[in-house]
Protein chains: 2
Amino acid sequence: MSKPEGLHKQAVTMRDVAQAAGVSQSTVSRVLSGTEGSILIGEETRQRVLETVASLGYFPNLHAGSLRGQKTRMLAMMIADIGNPFYHPMVRAVQDVAHEHRYDVMIANTDHTSVGERLFVESVIRRPVDGVILVPYHMVKADFDRLIARTGAAVAVLGQHIDHPQVDTVYGNDDQALFEAISWLVCERGHRRVGLIGVTNEHSVGVRRRSAFVEALRQAGLAIDPALFTLGDWTESSGYRAAQQLLALPEPPTAVFAVNDLMAIGAMEAIQSAGVQVPQQMAVMGFDDIPQATWVRPRLTTVAQYPAEMGRWLATALFERIRGEFDGAGRRFEVKCRLCQRESA
Amino acid sequence: MSKPEGLHKQAVTMRDVAQAAGVSQSTVSRVLSGTEGSILIGEETRQRVLETVASLGYFPNLHAGSLRGQKTRMLAMMIADIGNPFYHPMVRAVQDVAHEHRYDVMIANTDHTSVGERLFVESVIRRPVDGVILVPYHMVKADFDRLIARTGAAVAVLGQHIDHPQVDTVYGNDDQALFEAISWLVCERGHRRVGLIGVTNEHSVGVRRRSAFVEALRQAGLAIDPALFTLGDWTESSGYRAAQQLLALPEPPTAVFAVNDLMAIGAMEAIQSAGVQVPQQMAVMGFDDIPQATWVRPRLTTVAQYPAEMGRWLATALFERIRGEFDGAGRRFEVKCRLCQRESA
DNA sequence: CGAATTACCGCATACGATTGCATGAACAGA
DNA sequence: TCTGTTCATGCAATCGTATGCGGTAATTCG
């Protein structure tokens with residue numbers, strides 16, 4: 001208590017290197033940052049400093065640079081749930097690109113809640129980073145403005161509904177893909193009663209997918225039966241419960257569409273447990289095409305998104321802004337979804 | 001270029017709050033850190049400061065505190081591959097505990113490589129954090145010493161082979177569980193030829209599991225056939241290839257054990273593709289009990305580990321050290337593995 | 001040989017927040 | 001009225017690094 005002492009004693013600082021090499025601290029800094037052109041350092045001195053750095057095992061402290069307003073060498077990523085396999089290829093792609101630039105990545109889960117998203121933004125305000133990758137479900141333009149104004153970070157977003165002049169966006173044509181998938185289900189496959197396992201309207205994506213679903217049925221001239229609309233929360237177990245609900249109906253559907261694969265897999269589990277054959281008695285269709293979609297039997301018919309490609313694009317766009325190679329208006333990049341016809345529908 | 005300007009202009013600092021409230025910056029600090037007892041702040045002043053903080057929307061800058069040697073409010077986590085479902089419950093548990101303490105979590109993948117692990121340690125030296133969670137495959141005692149000496153961070157490790165006085169360790173009795181699982185396979189199930197899908201001996205865990213496997217066969221009085229030992233790299237596709245190798249043998253095994261579920265699932269895929277029935281013609285067994293083990297058909301017989309419990313324990317132990325509630329010798333916590341008999345063996 | 005460059009390098013400051021110490025006011029007791 | 005005490009607040013140093021500016025030695029040129 002007498003000395004502050006700090007939690008993190010840094011063994012060797014730039015000052016130590018300077019002292020050991022018999023130069024000033026600023027010289028060490030200039031040798032290491034290597035700002036060529038402006039200030040020159042004698043070759044002899046440079047060598048001596050570099051040797052001292054190596055022998056002492058010195059590493060620069062990134063906290064100091066962050067405080068000075070330099071680069072933080074850090075990215076923050078906001079996703080709904082690291083447990084959902086859909087995010088893995090995206091997270092991996094972001095981490096890999098970041099790693100190539102010698103950046104670290106901080107990851108936070110929101111569990112699809114708006115309070116989770118708000119906490120994330122505050123956490124980035126508290127600890128500014130160079131770049132932010134978001135998969136938002138609730139944030140509105142004001143939130144993006146606040147984030148950018150308060151941190152100065154580059155921002156890249158996954159989602160269809162974001163439209164902000166300074167953020168780059170990658171999105172899939174998932175509404176249209178969903179529309180086509182349902183149309184295929186009713187027109188080609190002749191299903192007249194299709195159940196939906198959706199999510200609450202709090203999620204903008206939930207609203208959009210529901211509308212696309214309804215529109216597809218309408219265009220096919222089918223009646224809309226509210227009993228066929230069930231709600232899940234993106235998890236496997238919620239899909240299981242929703243399917244049980246549909247099975248218990250007086251007149252159950254002949255096909256079920258879930259707005260993500262996790263719920264579709266849960267639904268299939270429930271349907272098979274009830275002794276109902278998939279797809280003969282009840283077809284099942286998902287969305288995302290997670291790797292596990294081909295692990296289940298029957299293999300899941302679904303709509304593929306390409307999270308790895310999306311993640312790579314997001315991170316690359318971010319670094320172009322961070323490195324100052326681009327600072328124009330927000331760019332948009334569409335990744336086309338694709339129907340994967342497999343065995344479950 | 002004329003002004004340094006910095007990359008991250010901080011909109012509102014403590015100085016701004018102080019100015020707006022008509023007090024000194026240190027007073028604002030004292031109001032916010034709320035060091036009760038030692039220093040008193042007048043109630044009137046305190047209220048005025050708090051109101052100003054709220055109206056300006058001020059948040060403290062964590063980089064500054066980190067530099068001063070205060071808490072960084074950040075954890076670093078090193079895992080092999082975020083794409084492996086085994087890690088998800090663990091990562092989620094760590095994130096959840098961290099979130100309760102208002103901490104952020106940085107996550108890095110090593111892909112089981114030693115260079116990846118070394119880079120992670122260096123990255124933590126560069127940007128010290130309060131706590132580090134490791135799932136190492138290569139690190140030795142000297143690396144832990146270096147990490148602790150250079151950062152002063154609390155360290156918690158998952159794995160059986162770590163023994164360091166200052167790090168807390170959680171481990172499963174996986175060698176023994178594996179031994180029992182194989183014994184069950186050969187004694188109860190009567191398999192005389194069991195193939196192994198293992199990993200290279202570079203991974204300490206690979207060595208251990210291989211030994212346990214061999215020992216089980218030996219005690220059952222079975223001959224050791226080197227042709228039955230194949231190598232994978234923990235991924236599904238490598239399991240697929242390894243199984244193809246076993247199938248191509250003049251005398252293929254009647255059972256296959258993979259040292260993780262991902263490879264077991266890949267193996268099952270290959271076996272079924274070859275038209276061989278699981279488990280009638282060839283049994284398959286995995287290790288980990290990832291959620292997806294029950295998604296495949298037949299459901300995978302495997303040995304369960306409890307990554308969520310492990311993650312929770314690791315993070316909790318870490319915070320006990322960070323908060324100074326514990327600073328004794330390294331603690332050890334064993335999580336018992338359990339054989340999950342399902343349909344594939 | 002003296003002056004003007006040029007090439008190197010150090011000093012001092014700033015980033016934002018914490019904290020030991022000093023200072024000032026108010027107040028009580030003598 | 002003077003001194004001592006308590007309470008509330010301000011001043012300034014500090015963490016590690018980057019950088020504008022000023023200073024010194026070496027070199028060149030007239």
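Trainee: Okay, let's jump in: which residue of chain A forms a salt bridge with Glu269(B)?
Mentor: This is a predicted model, so local features need pLDDT of at least 70 and side-chain atom pairs count only at pLDDT 80 or more, while totals for chains, interfaces and linings use all residues. Residues are numbered from 1 along each chain as its sequence is written, chains are lettered from A and ligands numbered from 1 in the order in which they are written, and side-chain values use heavy atoms, with hydrogens and water left out. A salt bridge here is a side-chain nitrogen of Lys or Arg within 4 Å of a carboxyl oxygen of Asp or Glu. With its closest N and O atoms 3.2 Å apart, the partner of Glu269(B) is Arg299(A).

Trainee: How many salt bridges are there between chain A and chain B?
Mentor: Start with the whole structure, where a search over all chains finds 42 salt bridges. Then keep to those between chain A and chain B, and the count is 10.

Trainee: Where in chain B is the residue that pairs with Arg92(A)?
Mentor: The side chains of Arg92(A) and Asp81(B) meet in a salt bridge, 2.9 Å from N to O. Arg92(A) belongs to helix 5 of chain A (helices are DSSP runs of H or I with at least four residues, strands are runs of E with at least two, and both are numbered from the N terminus). On the other side, Asp81(B) sits in the loop between strand 1 (74-79) and helix 5 (87-100) of chain B.

Trainee: What area do chain A and chain B bury between them?
Mentor: Contact means heavy atoms within 4.5 Å, and it takes 65 residues from chain A and 66 residues from chain B. Buried area is the accessible area (1.4 Å probe) that two parts lose on being put together, summed over both. Carbon and sulfur atoms carry 53% of it, and the total is about 5,800 Å².

Trainee: How many residues are charged on the side of chain A that touches chain B?
Mentor: Between the two chains there are 31 residue pairs in polar contact, both at pLDDT 80 or more. A polar contact is a pair of N or O atoms within 3.5 Å; within protein, one must be able to donate a hydrogen and the other to accept it, and residues adjacent in sequence count only if both atoms are side-chain atoms. Elements that each supply at least two residues to this side of chain A include helix 4, helix 5 (88-100) and strand 2 (104-109). Counting Ala, Val, Leu, Ile, Met, Phe, Trp, Tyr, Cys and Pro as nonpolar, Asp, Glu, Lys and Arg as charged, and the others, Gly among them, as polar, this side has 27 nonpolar and 20 polar residues, and the number charged is 18.

Trainee: On to the DNA! Which helix gives the most to the surface near DNA strand C?
Mentor: A residue is near a strand if one of its heavy atoms lies within 4 Å of it. There are 25 residues around DNA strand C, and among those that come nearest are Thr27(A), Gly42(A) and Tyr58(B). Sugar and phosphate make up 53% of the strand's atoms that come within 4 Å of the protein. The most, four residues, comes from helix 2 of chain B.

Trainee: Which side chain has an N or O atom 2.6 Å from a base oxygen of DNA strand C?
Mentor: Don't mix this up with Ser26(A), whose side-chain N or O atom is 3.1 Å from a base nitrogen of that strand. Asn61(B) uses a backbone N or O atom, 3.1 Å from a phosphate oxygen. The base oxygen you asked about pairs with the side chain of Arg30(A).

Trainee: And which helix gives the most to the surface near DNA strand D?
Mentor: A polar side-chain atom of Arg30(B) lies 2.9 Å from a base oxygen of DNA strand D, and a backbone N or O atom of Gly42(B) lies 2.6 Å from a phosphate oxygen. Two or more residues come from each of helix 2 and helix 4 of chain A and helix 2 and helix 4 of chain B. With four residues, the biggest giver is helix 2 of chain A.

Trainee: Last one: what is omega for the cis peptide bond from Arg297(A) to Pro298(A)?
Mentor: Pro298(A) is in the loop between strand 9 and strand 10 (302-304) of chain A. Another cis bond runs from Val278(A) to Pro279(A), with omega near 5°. For the bond into Pro298(A), omega is near -10°.
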